[in-house]
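User: I'd like to go through this model with you, question by question. Here it is.

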Amino acid sequence: MSFVQTYRKPKVFGFTVLGALVLGALAGWLGKGTWLAPVLAKIGSTFTALLQLTVIPLVFTAIVVGIASLRNLGGGRTAARLGGKTFLWFAITSFIAVLIGLAVATVLKPGTGLQIEPAAGAVDKLAKRASGSWQALLDNLVPTNIFSAFTEGEVLQVVFIAVLVGFAAYALGDKAAPFTNLVRSFFDIVQKVVGWIILLAPIGIFGLIGNAVASYGNSFVRPLFSLILAVYLGTALVLFVVYPVLLKFVGKTSPVEFFRKAGTALQFAFVSRSSGATLPLSRKAATDLGVSQEYANFAVPLGTTTKMDGCAAVYPAVATIFIANMFGIQLSVWQYAGIVLVAVFGALATAGTTGWYTMLTLTLSVVGLPPQVIATGVAVVYAIDPILDMMRTATNVAGQITVPVLVARSENLISEPETPAEKDLVTA
């Protein structure tokens with residue numbers, strides 16, 4: 001067996017990723033303030049740019065192909081029922097996740113007694129940035145120009161276009177077959193490119209982790225440890241307790257089998273901080289767990305853009321309470337209810353690379369915190385966002401794999417996972 005074939009095996013690749021993470025942290029610690037720091041930053045930013053390059057075409061083609069694939073599962077009623085159940089489980093798990101976030105933050109009280117003064121420039125910059133709001137969400141949903149949605153990287157608008165095109169292709173059936181086949185071929189090409197980029201993950205991870213350690217060190221991490229602890233604990237409870245319980249008793253799937261099959265996707269999500277770039281691995285994990293390929297092609301891409309329990313549920317709940325505690329503001333029962341409302345119904349706001357920011361500012365505005373408090377608070381948490389985003393993204397991806405398993409089990413669209421010889425990491 002060649003080196004490349006060995007390297008592509010999930011277990012080998014997983015150990016390589018972990019090794020890169022440790023070596024990157026060491027390099028960042030040793031290289032802080034030296035020439036090595038910008039080199040690590042360049043390696044990490046190049047890898048991130050490669051990932052982002054594929055997100056828009058991957059999301060569009062995956063959703064169109066996924067919706068068109070529903071025709072193979074039955075008629076319109078079947079497609080509607082599958083879509084309804086998928087969104088219902090998205091809402092249920094988001095509801096559970098935000099309650100856990102609120103509970104953890106209420107018990108740990110992150111931010112209490114903390115006094116941090118972020119740089120004035122950072123506050124002013126974030127204050128001028130468009131904050132999340134229901135009106136902005138609706139205004140940004142429908143693009144005024146179909147091409148600008150793609151060229152400007154508006155993920156939410158691309159999702160909207162993809163859903164329209166996908167259902168149009170579904171309705172036309174055989175008449176749209178040439179177009180569907182073309183999009184499917186393009187989807188396969190994009191997946192192949194993503195597969196090549198994923199193989200570079202250890203190098204990218206080395207740079208990303210190294211840059212994070214070299215940039216932040218203990219200057220912000222230590223005083224904001226209460227926030228890091230609360231976010232990691234809340235997301236860990238969702239990832240390692242809620243999902244396994246649902247998988248065991250609703251999805252009739254072994255949690256051990258789930259983490260074995262989804263482990264590579266979760267590791268990659270943690271270090272890449274991109275649900276979109278993890279999509280091929282997430283879809284493969286779902287099918288490896290027995291979910292029918294037709295339904296997985298629909299549910300996983302949809303979840304990649306709208307199902308984010310880490311970014312859209314746990315994190316906004318914890319960060320909102322953190323900011324309120326930092327400024328000595330006592331939240332009311334109705335404000336807590338507002339946090340839950342946003343988590344369940346505002347998940348679409350997380351589509352895109354800045355989704356966490358939109359979701360957090362949307363939550364803060366619904367809670368009714370003063371604008372200056374919002375700008376200052378967001379500037380504080382923004383300083384350690386890469387550290388928080390790792391666990392948030394891993395939790396997002398776990399949910400994007402879990403829900404298709406739950407729905408597929410209820411619809412008899414799942415088969416017992418096979419346990420053949422270990423397959424390559426990326427087969428696309």
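User: At which residue does α11 bend by about 30°?
Analyst: This is a predicted model, where local features need pLDDT of at least 70, side-chain atom pairs count only at pLDDT 80 or more, and totals for chains, interfaces and linings use all residues. Residues are numbered from 1 along each chain as its sequence is written, and side-chain values use heavy atoms, with hydrogens and water left out. Helices here are DSSP runs of H or I with at least four residues, strands are runs of E with at least two, and both are numbered from the N terminus. Taking the bend as the angle between axes fitted to the seven residues ending at a residue and the seven starting there, the roughly 30° bend in α11 falls at valine 238.

User: And how far does α11 reach from its first C-alpha to its last?
Analyst: The expected span is 1.5 Å times one less than the number of residues. For the 25 residues of α11 that gives 36 Å, and the model comes close to it, at 35 Å.

User: Which helix gives the most to the nonpolar surface patch?
Analyst: Patches take residues with over 30% relative accessible area and no salt bridge, joining like charges within 9 Å and nonpolar side chains (Val, Leu, Ile, Met, Phe, Trp, Tyr) within 5 Å. This one covers about 970 Å², with Val107, Leu108, Phe225 and Leu229 among its members; accessible areas are from the Shrake-Rupley method with a 1.4 Å probe, and for residues only the protein chains shown count as cover. Both α4 (76-108) and α11 (225-249) supply at least two residues, but the top contributor, with 8 residues, is α11.

User: Is phenylalanine 249 buried or exposed?
Analyst: Phenylalanine 249 sits in α11 and is part of the nonpolar patch. Buried means under 20% relative accessible area, exposed over 50%, and partly exposed in between (1.4 Å probe, protein chains only). At 58%, phenylalanine 249 is exposed.

User: What is the distance between the closest N and O atoms of arginine 81 and glutamate 411?
Analyst: A salt bridge needs a side-chain nitrogen of Lys or Arg within 4 Å of a carboxyl oxygen of Asp or Glu, and arginine 81 and glutamate 411 form one. Arginine 81 is in α4 and glutamate 411 in the segment after α19 (385-410), so the pair ties together parts 330 residues apart in sequence. The closest N and O atoms are apart by 3.0 Å.

User: Which lysine forms a salt bridge with glutamate 411?
Analyst: Glutamate 411 counts as buried at 15% relative accessibility. Its lysine partner is in helix α4, so this pair ties together parts 326 residues apart in sequence. With the closest N and O atoms 2.7 Å apart, that partner is lysine 85.

User: What is the relative accessible area of arginine 392?
Analyst: Arginine 392 meets aspartate 385 in a salt bridge (2.9 Å, N to O), and both belong to a salt-bridge network with Arg273 and Asp389. Aspartate 385 is buried at 5%. Arginine 392 is buried too, and its value is 0%.

User: How many helices and strands are there in the chain?
Analyst: Buried residues make up 55% of the chain's 428 residues. Counting contacts as heavy atoms within 4.5 Å, 84% of those between residues at least 6 apart in sequence join residues at least 24 apart. As for the elements, the chain has 19 helices and 0 strands.
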